[in-house]
There are 4 protein chains.
Amino acid sequence: MAGPCSVESSDQMRLAAEAARTAGASVLRGGAFKPRTSPYSFQGLQEAGLKILQQAGREQNLLTISEVMQHDLVPLVASYVDILQIGARNMQNFPLLVEVGKSGHPMMLKRGPSATLDEFLLAAEYLMHHSNAKVLLCERGVQPLDRSYTRNTLDLNAAPVLKEISHLPVIVDPSHGVGVSRYVPAMAMASVAAGADGIMLEVHPNPREAMSDGAQSLTPAQLQVLMPQLRAVAAAIGRSL
Amino acid sequence: MAGPCSVESSDQMRLAAEAARTAGASVLRGGAFKPRTSPYSFQGLQEAGLKILQQAGREQNLLTISEVMQHDLVPLVASYVDILQIGARNMQNFPLLVEVGKSGHPMMLKRGPSATLDEFLLAAEYLMHHSNAKVLLCERGVQPLDRSYTRNTLDLNAAPVLKEISHLPVIVDPSHGVGVSRYVPAMAMASVAAGADGIMLEVHPNPREAMSDGAQSLTPAQLQVLMPQLRAVAAAIGRSL
Amino acid sequence: MAGPCSVESSDQMRLAAEAARTAGASVLRGGAFKPRTSPYSFQGLQEAGLKILQQAGREQNLLTISEVMQHDLVPLVASYVDILQIGARNMQNFPLLVEVGKSGHPMMLKRGPSATLDEFLLAAEYLMHHSNAKVLLCERGVQPLDRSYTRNTLDLNAAPVLKEISHLPVIVDPSHGVGVSRYVPAMAMASVAAGADGIMLEVHPNPREAMSDGAQSLTPAQLQVLMPQLRAVAAAIGRSL
Amino acid sequence: MAGPCSVESSDQMRLAAEAARTAGASVLRGGAFKPRTSPYSFQGLQEAGLKILQQAGREQNLLTISEVMQHDLVPLVASYVDILQIGARNMQNFPLLVEVGKSGHPMMLKRGPSATLDEFLLAAEYLMHHSNAKVLLCERGVQPLDRSYTRNTLDLNAAPVLKEISHLPVIVDPSHGVGVSRYVPAMAMASVAAGADGIMLEVHPNPREAMSDGAQSLTPAQLQVLMPQLRAVAAAIGRSL
């Protein structure tokens, strides 16, 4: 899975989708409804963003994933994207979990930054309570001991533990996990080596001009370099990406 | 502020409201929509619970507070209670914050278990973005270093810091903060001494039969003993409760 | 207990001891062997500092406490001070604990910044393994969730829990716990209200010129104001300081 | 680096050394002086253990590493082993760091469970203050968010960050980092993929009978399976073990 934090324009998404496709990704990400810590930050293009994401995905033959932040917008978001994402801040937004679960769409649930693994799996239980749809678990970093160098602490321990105690696929998002693009390749490779079933990477045609999370986004060229390395690590442990 | 975690019945709320009133509380709490970690736990009486809470509050001449968990239920909850509570798990549920903010009702925002104080105040900013209504900040414990003896770590440092960096009143909830009723009195007194503008206490007529959070609820008799002590501590630092 | 972080000079200690005595403290603190995070920071006056501390204590009829950092210096430090302190960084320095325990001196053990309460009590067990001397437990702040406003998170939950699960007296050190002098009075009052058996406060005649920890030190005048408030809080909960 | 937590007997060490050698390790670990949380736990064979370790290393042509816990035993430990280890609990035992630094021996410094990376590097600065000897940094897990499934949280973020901000080699110890042997292989592979310069693994001929840390020790057979996988991951990122 690859793509920018936020959908910003058709051009940006077309370039991001090309980069994702060329590098061999199968899912295009792009945020249209953005949960931002401050009300004064860019809040996303909303439905217009979903349309752009859908269009970019279709052109490159990629599945799409985007976050839904409120339960009554589940049908709207589900009408544009293939996989519904529940963000880390909403891991225990139970009305939202129930509605997403009822949608029948594949869903990806991000772990909250202070959630134990039991809390994480019980939140997934809300999703599965009303349907048999596929749920992906996503580790994206927990509250850090040390905020000086990374945004979060990517908790890769969670990968082998979740693989053992749950039957659900485990995705790792090293971009949010470390929050600094130059550390993302090492942690992406570590994620694959730890047994992740998939990786979500933030990729932006021009990270320095990104409206959100530019600091953690790879360029298309960096993604192009990274993907064969990820495949080599996967092959080394007897898996494929 | 005092009352049970969940509204369970008219009898329970009448006894809790009497206890709160007798002890000198001014606000009655009671959860009707309950955010529960597991979908298999009691989820609250919902609108029926709000009616019971309203009735109990009126009989004892107490203001009422209850949590609202989804943005489209803000008008419903606001039609029954005086103060709208946003729970810790929803501190960054931004669509909910916006709707609660628009309601014009007084609001109490609980700090998320891994939220920094800046993230907490930015969430409060979402509440104040659309109205001039009163916002109360509530510290209720952060992610614990040691889960062996307490449920969370009540972060009383937050009280003097928030009093300095914000103009909003600071409420402390030692019941959730420690999660064990026999430690609640000491921490309630510490909260007052640290400068809290108000205390929220869980009180249940019969904690052992409570449908949620019984382990951290005081009995009416314990509240009766505690309140004069809290007043004495308040007086010692030149304040009144 | 009151006094400066580091012993710097006879004049400094005389003023600090006068301030401690006037305010009603019974123990004078002062570091002579300093565990500093960086090798380039001031490392303490060592034996010369112990002599100054002893002299200042005698003149004001105060007991003295100072940290011992290495096991073979236990006899030296014990020859000058009344109470041996084991610092937070050395909570699990087991050879040191064994030697301090054998000294027969009263001892104060500071909790490590990531120590659980069980680890804390097992470290105290090392102290008590070889003697019957008195051990004081000292909470001084745990690793913070949020380093923006305070140096540590003073974990006052530890006070009622330790009082219940151990028979040892509990001292709280709000100066290290918050690390910012203007928040120290509120947290000192909270510590007393939470049931601490004693409070350790950093006091320096001139905090702005302190060679270590000036930012968290009270002035003698601030201590003078604080002590009657602490006594009032203690009285409010039926205790005396 | 491989070997048991504690040296227990000549037979145990001979088997462990054979396993390490066969698997291709270059350094044999074995604890003789053991820092144990409880005074009632096995404290190590001390000098007799060092002799056994030295002998086992010589027979298999392996370098040896063992922890030194007190500064006045540095010459003793240095007379038996090739690399001196400073344990996580002693990361800020400054008198010990100074003596180990003066020894001129290669040293491995383990990161404390709540140490920031700056505190870690400043502790290494104490080691390098008095000599030019080689210092290895070892990440071994930080204080966990969730103690239910792992003993610590192995912080692999530290690997790429330390590689960038320091010139020192980075070793990762997944055995202590997760504390559960069945999660060790995945995390060892993740450590290599994250860029670690070396891996330290606990290996015991019979983990179920180990006197310490059996739960996290691999068997020789498990090590035999793991090593080629680690080499494959290293090759995938263009390195060799």
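In the predicted model, helix 2 of chain D has seven residues listed here as buried: G49(D), L50(D), I52(D), L53(D), Q54(D), A56(D) and G57(D). These buried residues pack against two helices and two strands of chain D, namely helix 1 (10-23), helix 3 (74-80), strand 2 (27-29) and strand 3 (63-67). The helix covers residues 47-60, and its 14 residues should span 20 Å at 1.5 Å a residue; the end C-alpha atoms are 20 Å apart, so the expected and computed values agree. Just after helix 2 of chain D, the backbone of N61(D) takes a positive phi of about 60°.

A helix of chain B can be described in the same terms. Helix 4 of chain B (residues 94-103) is mostly covered, with 7 of its 10 residues buried. The buried residues are F94(B), P95(B), L96(B), L97(B), E99(B), V100(B) and G101(B). Their packing partners within chain B are helix 3 (74-78), strand 4 (83-86), strand 5 (107-110) and helix 5 (117-128). A positive phi, of about 80°, is found at G104(B), just after helix 4 of chain B.

In chain C, two strands were examined. Strand 3 of chain C (residues 63-67) is largely enclosed by the rest of the structure, because 4 of its 5 residues are buried. Strand 3 of chain C pairs with strand 2 of chain C (residues 27-29) in the parallel sense, over 3 bridges. Within this pairing, T64(C) of strand 3 is the bridge partner of L28(C). Strand 6 of chain C (residues 135-139) contains L136(C). L136(C) has 21 C-beta neighbours inside 10 Å and therefore counts as buried. Apart from neighbours within four places in sequence, L136(C) is in contact with M108(C), L168(C), P169(C) and I171(C). Its C-alpha atom is separated by 20 Å from that of G57(C), a residue 79 places away along the chain.

The relation between chains D and A was then considered. Chain D is superposed on chain A by a rotation of 180° with 0.0 Å of shift along the axis, at an RMSD of 0.0 Å. This is the relation of a two-fold axis. Among the residues of chain D, A190(D) comes closest to the rotation axis, its C-alpha lying at 2.0 Å. The same surface serves both copies, as 100% of the contact residues of chain D recur in chain A.

The contact between these chains involves 35 residues of chain D and 35 residues of chain A. On the side of chain D, two or more residues each are given by helix 5 (117-128), helix 6 (158-165), helix 8 (184-193) and helix 9 (220-236). Helix 8 of chain D supplies the largest share, 6 residues. By residue class, this side of chain D consists of 23 nonpolar, 9 polar and 3 charged residues.

Nonpolar packing was also examined across the whole model. In soluble globular proteins, nonpolar side chains tend to be buried together. Here the largest nonpolar core has 331 residues, and the members that touch the most others are A193(A), A193(B), A193(C) and A193(D). For A193(C), leaving out residues up to four places away in sequence, the residues touched in chain B are M189(B), A190(B), V192(B), A193(B) and V233(B). In chain C, A193(C) touches V233(C) and I237(C).

Conventions: Residues are numbered from 1 along each chain as its sequence is written. Chains are lettered from A and ligands numbered from 1 in the order in which they are written. This is a predicted model: local features need pLDDT of at least 70, side-chain atom pairs count only at pLDDT 80 or more; totals for chains, interfaces and linings use all residues. Copies are superposed by least squares on the C-alpha atoms of residues with pLDDT of at least 70 in both. Two residues are in contact if their C-beta atoms, placed from the backbone, lie within 7 Å. The expected span of a helix is 1.5 Å times one less than its number of residues. A residue is buried if 20 or more other C-beta atoms lie within 10 Å of its own, exposed if 12 or fewer, and partly exposed in between; C-beta atoms are placed from the backbone. Ala, Val, Leu, Ile, Met, Phe, Trp, Tyr, Cys and Pro count as nonpolar, Asp, Glu, Lys and Arg as charged, and the others, Gly among them, as polar. A nonpolar core is a set of buried Ala, Val, Leu, Ile, Met, Phe, Trp, Tyr and Cys residues joined through C-beta atoms within 7 Å. Two strands pair if DSSP finds at least two bridges between them.
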